[in-house]
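Biologist: Before we talk about any detail, could you show me the model and then explain how each description is reached?

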Amino acid sequence: MIPQKPKAPELHFSEYISSVRSKLISEGKTGDNAPGVYVRTFGCQQNEADSERMMGVAISMGYRKVEAPEEAKLILVNTCAVREHAEKKALSIIGSYKHIKDSDSEVIIGVGGCMVTQGHRADKLKMSYPYVNFVFDTGSLHKLPELICGALQGSPRRIVSCGDSFSITEGIPIASEKSYRGWLSVMYGCNNFCSYCIVPYTRGRERSRHPDAILAEARELVRGGALDITLLGQNVNSFGNGTDFGMDISDLIREICKIPGDFRLRFMTSHPKDASDKLIAVMAEEEKVVPHFHLPIQSGSDDVLRRMNRKYSSADYMRIIEKLKAAVPDVSITSDIIVGFPGETDADFEDTLKIIREVEYDMIFSFIYSPRTGTPAATMEGQIPKEVSNERYERLLELQNDISLSRNKRFIGREMTVIADEVSRTDKNMLTGRGDPVRPIHFAGSSDLIGKNVRVKITDADTFSLRAEIIL
Ligand code: 5AD
Ligand code: SF4
């Protein structure tokens with residue numbers, strides 16, 4: 001038998017972090033002299049949350065956050081795959097970083113996220129973007145410290161994939177973009193396999209974080225000054241499924257609400273097939289839960305819904321909406337809608353418009369269907385010509401804009417608490433804040449209010465935003 005060379009024991013990610021940290025300290029690269037890190041994020045809030053972990057890893061290593069890729073020694077791109085447009089944009093941005101690497105060969109470029117979790121995209125990066133140091137899929141975020149460490153030591157390029165072994169790694173450091181606003185992942189992955197969607201392939205099967213880890217992170221966020229926390233999951237209603245936690249999403253929300261502090265709680269995304277009465281009751285009863293339910297319908301046509309594999313009918317959906325409206329007075333409802341799904345007829349599209357009129361959404365995220373390689377819908381018959389989709393999309397926006405305007409107007413005259421989020425780009429005396437309305441709220445105020453709760457009275461509303469004045 002050939003004696004096996006003993007394998008070097010795998011280091012924990014924290015050991016790679018410490019080793020880079022010690023190296024930078026020993027080289028005097030600290031404070032303003034520390035190398036810069038720039039993270040560019042595409043896509044959903046889950047990606048925002050993952051990017052805060054990427055930034056957390058780099059900062060723990062001793063990097064310093066910078067606002068432009070040209071100032072960075074480490075550039076990380078967190079990609080999205082949900083529509084073709086997002087992929088094209090990411091590829092073009094990655095392409096634009098070549099000149100940075102050309103002018104400084106020490107710059108490290110890493111690409112992660114959903115796009116590169118698809119084998120054909122990882123291959124493309126490998127072949128056509130030779131200056132990218134490493135690529136890591138969504139199941140390999142915990143490998144980031146090792147990858148950065150290796151790249152610093154001049155290791156060859158690496159393309160890392162977890163295969164089908166998506167898991168959960170706790171303890172990866174987080175650098176929140178805004179301390180007063182927290183993203184809190186409660187579950188990852190999706191088992192629903194909607195026929196148009198790439199997510200089950202890029203994020204793996206559903207798995208829930210342990211409630212103790214979630215509650216500890218929630219307490220940490222509140223201690224750190226979070227005023228607004230959003231629980232994240234591709235399908236938050238599946239939290240706890242297949243575990244012995246003895247807790248579902250409703251129980252978890254109630255537990256988080258018990259944490260003392262002046263914070264609001266949101267959650268997304270809910271799938272209509274399992275949006276439960278229990279969850280609606282939580283929204284109705286828990287003061288900290290913002291009365292906003294994001295409940296994507298995707299299409300108003302039962303035929304399209306069946307081919308999308310959504311597992312509910314438009315009547316099922318409307319039953320939930322009615323319960324929600326009855327239980328939570330003045331609830332804001334938002335939705336995702338796909339226009340131009342394969343085989344969508346004019347009548348199907350009219351059914352979608354009908355639902356929009358009936359529900360009266362505060363806001364809709366609408367998308368033109370984008371075929372995703374490897375999903376069943378990509379090869380369905382009846383792909384819709386671009387002109388038809390575009391025309392339907394415009395009609396949908398027009399209808400929704402009218403509804404948004406009238407929904408926004410209901411807030412005029414109301415007093416409410418909002419978090420001042422940022423200074424307006426066009427007028428430094430104006431702030432933009434967020435509160436119960438799903439749309440941003442603009443009001444006059446000074447920048448020292450950023451990150452604080454402010455009492456305002458809504459004075460006016462248009463389609464996309466509200467205006468207010470500060471009250472004492
Ligand atoms: N084309 C267009 N929109 C899509 N979405 C998901 N996959 C696709 C696709 N292939 C939309 C759905 C989902 C939202 C996050 O993105 O509406 O709810
Ligand atoms: Fe995609 Fe459907 Fe899962 Fe949402 S529920 S992530 S649309 S497969």
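**Reading the ligand shells and a helix**

Modeller: In this predicted model, ligand 1 is surrounded by Val 82, Arg 83, Tyr 196, Gln 298, Asp 336, Ile 338, Phe 367, Ile 368, Tyr 369, Ser 370 and Arg 372.

Biologist: What makes the pair between ligand 1 and the side chain of Asp 336 a polar contact?

Modeller: A polar contact is a pair of N or O atoms within 3.5 Å, and an oxygen atom of ligand 1 lies 2.6 Å from an N or O atom in the Asp 336 side chain, so the pair meets that cut-off. An oxygen atom of ligand 1 is also 3.0 Å from an N or O atom in the side chain of Arg 83, while a nitrogen atom of the ligand is 3.0 Å from a polar backbone atom of Tyr 196. The protein covers 86% of the 400 Å² of accessible area that ligand 1 has on its own, and strands S13 (332–339) and S14 (363–368) are the elements that each give two or more residues to the shell.

Biologist: How do you know that the length of helix H14 agrees with its number of residues?

Modeller: Helix H14 covers residues 386–409, and its 24 residues, at 1.5 Å a residue, should span 34 Å; the end C-alpha atoms are 34 Å apart, so the two values agree.

Biologist: Why are residues of H14 such as Leu 396 and Ile 403 called buried?

Modeller: Buried means under 20% relative accessible area, and Leu 396 and Ile 403 are among the H14 residues in that class. The buried residues of H14 pack against S13, helix H13 (346–359), S14, strand S18 (453–461) and strand S19 (466–470).

How values were computed: Residues are numbered from 1 along each chain as its sequence is written. Chains are lettered from A and ligands numbered from 1 in the order in which they are written. This is a predicted model: local features need pLDDT of at least 70, side-chain atom pairs count only at pLDDT 80 or more; totals for chains, interfaces and linings use all residues. Side-chain values use heavy atoms; hydrogens and water are left out. A residue is near a molecule or strand if one of its heavy atoms lies within 4 Å of it. A polar contact is a pair of N or O atoms within 3.5 Å; within protein, one must be able to donate a hydrogen and the other to accept it, and residues adjacent in sequence count only if both atoms are side-chain atoms. Accessible areas come from the Shrake-Rupley method with a 1.4 Å probe; for residues, only the protein chains shown count as cover. Helices (H or I, at least four residues) and strands (E, at least two) are DSSP runs, numbered from the N terminus. The expected span of a helix is 1.5 Å times one less than its number of residues. Buried means under 20% relative accessible area, exposed over 50%, partly exposed in between (1.4 Å probe, protein chains only). Contact means heavy atoms within 4.5 Å.
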